[in-house]
Amino acid sequence: MTTARAEILARVRRALADVDEPDPVRDVPVDWEYGRPLSTADVVADLVEKIEDYGARIVRVPAAAVPDAIVAALTEMEASSVVLPPGLDGAWRAAIEAVAAVTADEPPLTASELNAVDAVVTAAAVAMADSGTIALDHGPDQGRRALSLVPDRHVCVVRVDQVVSAVPEGVARLAPAIRAGRPVTWISGGSATSDIELARVEGVHGPRQLYVVLAD
Amino acid sequence: MLGLPGAGLRVALFATCIADTLTPDTPKAVVTVLERLGCVVEFPPGQTCCGQIMTNTGYFDAAVASVRNHVRSFAGYDHIVAPSGSCVASVRDQHVMLARRTGDARLVEQASQTAARTLDFTEFLVDVLGVTDVGAYFPHRVTYHPSCHGARFLRLGDRPTRLLQAVEGLELVPLPAADQCCGFGGTFSIKIPDVSIAMATDKARHVVETGADFVVAGENSCLMNIGGVLHRDGAAVRTVHLAEVLAHTRADAA
Amino acid sequence: MSPNSAPAQRRTPAPPPGTWLGMPAFPKAAREQLQRAEQRQNLARATTHIRGKRAERAAEVADWEELRTAAAQIKTRVARHLDTYLVQAEEAMTAAGITVHWARDAAEANRIVGEIALAKGVDEVVKIKSMVTQEIDLNEHLESIGVAAWETDLAELIVQLGHDRPSHILVPAIHRNRREVREIFAEEMGRYGTPAPPTMTDDPEELAEAARAHLRAKFLRAEMAVSGANFLIAETGTVVIVESEGNGRMCLTLPETLVSVIGIEKILPTVADLEVFLTLLPRSSTGERMNPYTSLWTGVTPGDGPQDLHVVLLDNGRTDVLADPEGRAALRCIRCSACLNICPVYERVGGHAYGSPYPGPIGAILNPQLRGVASEVDQALPYASSLCGACNDVCPVRIPFTDILVHLRHKVVEHKTEHHPTAEQAAFSAIGWVMADGRNLAKAQLASRAGGAVLGDRWLGNRVIGRLPLPIAGRWLRARDVDAPPAQTFRAWWAARTPAAPPVDGSADAATEDRA
């Protein structure tokens with residue numbers, strides 16, 4: 001009995017009897033220059049504008065003021081319990097511990113336990129200005145995927161040097177993490193749906209509030 | 001005729017079978033305008049049909065006979081002009097495909113050559129003759145329906161409206177949802193009549209909303225469809241082909 | 001059996017009775033759908049809105065047309081070398097800890113997913129909205145083996161709880177308005193879990209809140225999830241899913257086991273190719289610069305997300321599409337639904353008329369290729385278009401819809417006339433004969449003018465339907481009047497005008513007739 005694998009591959013090869021060039025790249029050239037930056041006048045301002053357009057909060061502060069900005073964000077969102085990734089900046093952690101109950105994810109919290117936590121604070125990997133997208137590669141300062149998903153409020157700290165013009169540059173920066181097998185999550189505003197009469201509703205299953213702290 | 005934009009230019013008129021049979025005023029108008037601009041118009045008498053009704057219904061073998069006849073009829077002309085976006089699109093986009101299926105390399109070559117020399121009336125005026133003012137006079141309020149083939153397959157762009165805007169006395173008013181198909185679609189109107197009627201009804205409603213005296217298009221099949229609904233509904237708006245607007249002069253009005 | 005009186009042993013809401021292919025063919029189905037006034041309003045409002053958003057977001061991207069070209073080329077490259085890329089993707093996924101399965105058809109894919117569920121001992125799974133699992137009708141297979149499959153996308157939830165079928169690729173409940181959604185949630189949610197709040201109004205925010213509460217319990221306890229995929233990267237074995245609500249992330253992150261059913265055409269060669277598709281897809285689809293969430297995973301990450309990952313690579317007719325060089329461009333489709341939203345036919349009849357979870361222009365070219373043209377439903381689909389070409393222009397992967405529609409019409413004609421001639425074929429052969437020569441046309445024109453003379457009036461309308469010889473004329477004249485044929489053809493006018501020109505036989509006859 002032939003396996004499904006062998007049969008499907010045989011069908012594919014039969015279907016492609018008209019293709020006589022074995023090299024895919026030579027057979028079908030792609031007229032595209034990958035990874036090009038967009039010539040945006042002010043990339044960081046563009047990111048701010050696009051994230052605000054999604055209805056998310058974004059503030060820009062000097063690096064030294066990040067702990068205060070995080071505390072202000074948690075206060076504004078009325079979060080009294082917080083879960084933090086293990087590798088989060090120590091100064092940030094100290095400031096957060098002063099205003100909220102910090103739940104450790106060690107041993108890992110169950111989904112239900114995470115669901116009872118008000119907020120999560122993470123760093124980020126890359127931000128893409130033109131589409132207002134923040135990418136996490138779930139490194140130690142961002143934590144496992146469930147942390148930035150189940151709690152209803154997400155404070156995300158992005159460094160200005162992580163901001164690129166648009167998706168092509170962003171993919172190029174993220175490619176090493178993807179090739180290394182790391183999971184990657186792109187976040188563009190809070191969760192949303194347009195499933196009822198295509199009317200946009202902010203906030204469904206993912207964190208309903210996204211608060212971005214942009215650090216110079 | 002010296003000094004005229006088309007002075008001495010030999011042009012083959014592809015009247016199209018529909019206009020030849022049902023709306024002869026349209027190809028007559030093309031002749032009038034082209035001769036007014038100095039062209040020498042010829043009507044190759046062997047011509048029939050681009051074959052799109054057969055091609056688009058799936059009867060490729062029947063359509064191939066049209067392709068053979070078409071390339072034979074129009075051989076030797078540098079400029080082939082037709083007052084129909086869909087017929088021009090069929091010649092340009094479908095004849096080579098049909099020819100290839102026959103395996104007849106000579107037919108493929110002939111079809112490619114004919115396709116490259118075939119232009120919509122508005123393309124010929126604007127691109128070849130370089131004119132938008134053709135000396136027409138049409139003192140009416142008109143709206144323009146950009147037929148699908150003209151707009152999307154031939155990419156006529158603003159050529160038709162530039163020609164209309166240059167007509168003396170003509171007031172051009174925008175058509176709401178202009179880019180939506182009128183619902184004709186050849187055999188679509190017969191095979192899926194309910195949807196075709198729903199589309200035609202919406203198009204006719206938009207035409208009436210403009211308050212225009214005339215709805216103009218470069219495609220008589222669309223006009224037959226839209227005009228059929230307008231007439232049935234008792235609307236006062238009349239249909240007229242773009243070529244007939246351009247043919248109309250002060251002398252006609254007098 | 002009414003859909004609301006499903007047998008008690010069912011675990012999930014019963015879909016409507018019947019099958020996609022058991023539905024009436026497009027012309028009849030379209031007539032039925034056109035009569036639903038409320039649905040027509042819902043569709044017109046929604047498609048008009050999303051069309052505008054798409055156009056605005058596409059216009060923001062300076063090199064949009066170049067991106068479309070690149071996307072078409074990348075997908076063409078994949079299709080023409082699919083065996084190479086499939087093997088590469090399989091190797092990469094296996095190395096990353098994913099168990100790869102292959103399924104020749106729907107039954108095989110369903111069996112694989114079902115066996116995983118039974119082996120895991122689960123009696124329910126949570127699902128991310130996926131076209132491919134609609135295509136194979138996975139939910140009903142799982143139901144039949146005692147496993148409840150819960151849709152977690154808001155629109156899919158509306159469809160599932162409403163005992164309904166999806167009618168749109170992106171917004172499966174596009175045919176429903178907020179009032180109908182409120183009724184469905186109020187009636188059904190309590191039967192299958194957390195009920196809707198009694199105070200819930202038809203405000204979309206409150207409806208979304210009810211869905212959040214209803215599904216949260218299911219997410220938190222879920223042990224297994226099922227997804228499709230938007231892209232599968234051959235280079236790394238990375239699976240990519242784009243979504244909006246976060247239900248996808250819940251399914252991809254919380255359960256221990258994740259099974260992704262992926263059509264074999266979903267491959268992209270490299271990670272870098274994502275820049276093209278993640279720019280085109282959200283703007284073409286929801287008309288947003290970016291969808292709220294995109295998840296990329298490359299096998300198992302210890303301590304993060306599902307530890308038991310499966311991918312089912314599905315053929316189910318795709319290799320048949322691939323085998324047709326004229327039709328295989330349909331496999332480029334990235335399921336954005338821009339072609340549905342722009343289509344004047346879809347806008348008026350909605351998705352249920354197409355006899356498949358793939359409606360609209362993409363359904364019209366994909367279903368008859370995936371399933372063949374043996375059924376009446378699939379024979380009708382290539383004709384479910386006025387060939388207006390609006391879909392060609394919005395497609396982010398430049399699928400030549402109208403060319404493929406015409407090609408498939410030819411295939412349908414060949415299939416229908418393979419064993420015996422048809423009346424339509426005879427009619428078109430006659431037209432073909434007329435149009436093969438100017439003399440033939442001139443003779444036919446004489447006959448048509450004779451017909452016009454008999455009818456004797458400039459406008460033909462209601463009054464004359466019964467007097468016309470062809471039944472098809474009635475379809476035209478039902479809503480439209482038509483000009484009677486003119487007294488003189490152009491051909492005849494020309495011959496009379498230029499007597500010096502060498503006449504062909506037919507036109508000479510015609511000219512004589514005119515003078516008479």
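This dialogue walks through chain B of a predicted model and then through the contacts among its chains.

Trainee: Where should I begin with chain B, and how many helices and strands does the secondary structure of chain B come to?

Mentor: Begin with the inventory of elements, which for chain B comes to 14 helices and 8 strands. The next step is overall form: the radius of gyration of chain B is 18 Å, close to the 18 Å that the globule rule gives for 254 residues, so chain B is as compact as a globular protein of that length. Along the principal axes, the C-alpha atoms of chain B fill a box of roughly 55 × 50 × 25 Å.

Trainee: What percentage of the residues in chain B is buried?

Mentor: Of the 254 residues in chain B, 64% are buried. One can also ask how far apart in sequence the contacting residues lie, and among contacts in chain B between residues at least 6 apart, 78% join residues at least 24 apart.

Trainee: Into which domains is chain B divided, and how many residues of each are in contact with the other?

Mentor: Chain B is divided into domain 1, covering 10-128, and domain 2, covering 141-253, and their centres, taken over C-alpha atoms, are separated by 22 Å. In the contact between them, domain 1 of chain B takes part with 26 residues and domain 2 of chain B with 22 residues. On the domain 1 side, H2(B) gives the most, with 6 residues, and by class that side has 12 nonpolar, 10 polar and 4 charged residues.

Trainee: How many residues does the contact take from chain B and from chain C?

Mentor: That contact takes 56 residues from chain B and 57 residues from chain C. Several elements of chain B give two or more residues to the side that touches chain C, including H1, H2, H3 and helix H4 (60-73), while the largest share, 8 residues, comes from H11(B). By class, this side of chain B has 30 nonpolar, 20 polar and 6 charged residues.

Trainee: In which sense do strand S9 of chain A and strand S9 of chain C pair?

Mentor: Look first at the contact as a whole, in which 76 residues of chain C meet 63 residues of chain A, and where the chain C side has 36 nonpolar, 24 polar and 16 charged residues. Strand S9 of chain A (residues 184-187) and strand S9 of chain C (residues 293-297) pair in the antiparallel sense over 4 bridges. To find the place in the structure, look for A:Trp186, which stands opposite C:Thr294 in S9(C).

Definitions and conventions:
Residues are numbered from 1 along each chain as its sequence is written. Chains are lettered from A and ligands numbered from 1 in the order in which they are written. This is a predicted model: local features need pLDDT of at least 70, side-chain atom pairs count only at pLDDT 80 or more; totals for chains, interfaces and linings use all residues. Domain bounds come from an automatic or database domain assignment. Two residues are in contact if their C-beta atoms, placed from the backbone, lie within 7 Å. Ala, Val, Leu, Ile, Met, Phe, Trp, Tyr, Cys and Pro count as nonpolar, Asp, Glu, Lys and Arg as charged, and the others, Gly among them, as polar. The radius of gyration is taken over C-alpha atoms; the globule rule is 2.2 Å times the number of residues to the power 0.38. A residue is buried if 20 or more other C-beta atoms lie within 10 Å of its own, exposed if 12 or fewer, and partly exposed in between; C-beta atoms are placed from the backbone. Two strands pair if DSSP finds at least two bridges between them.
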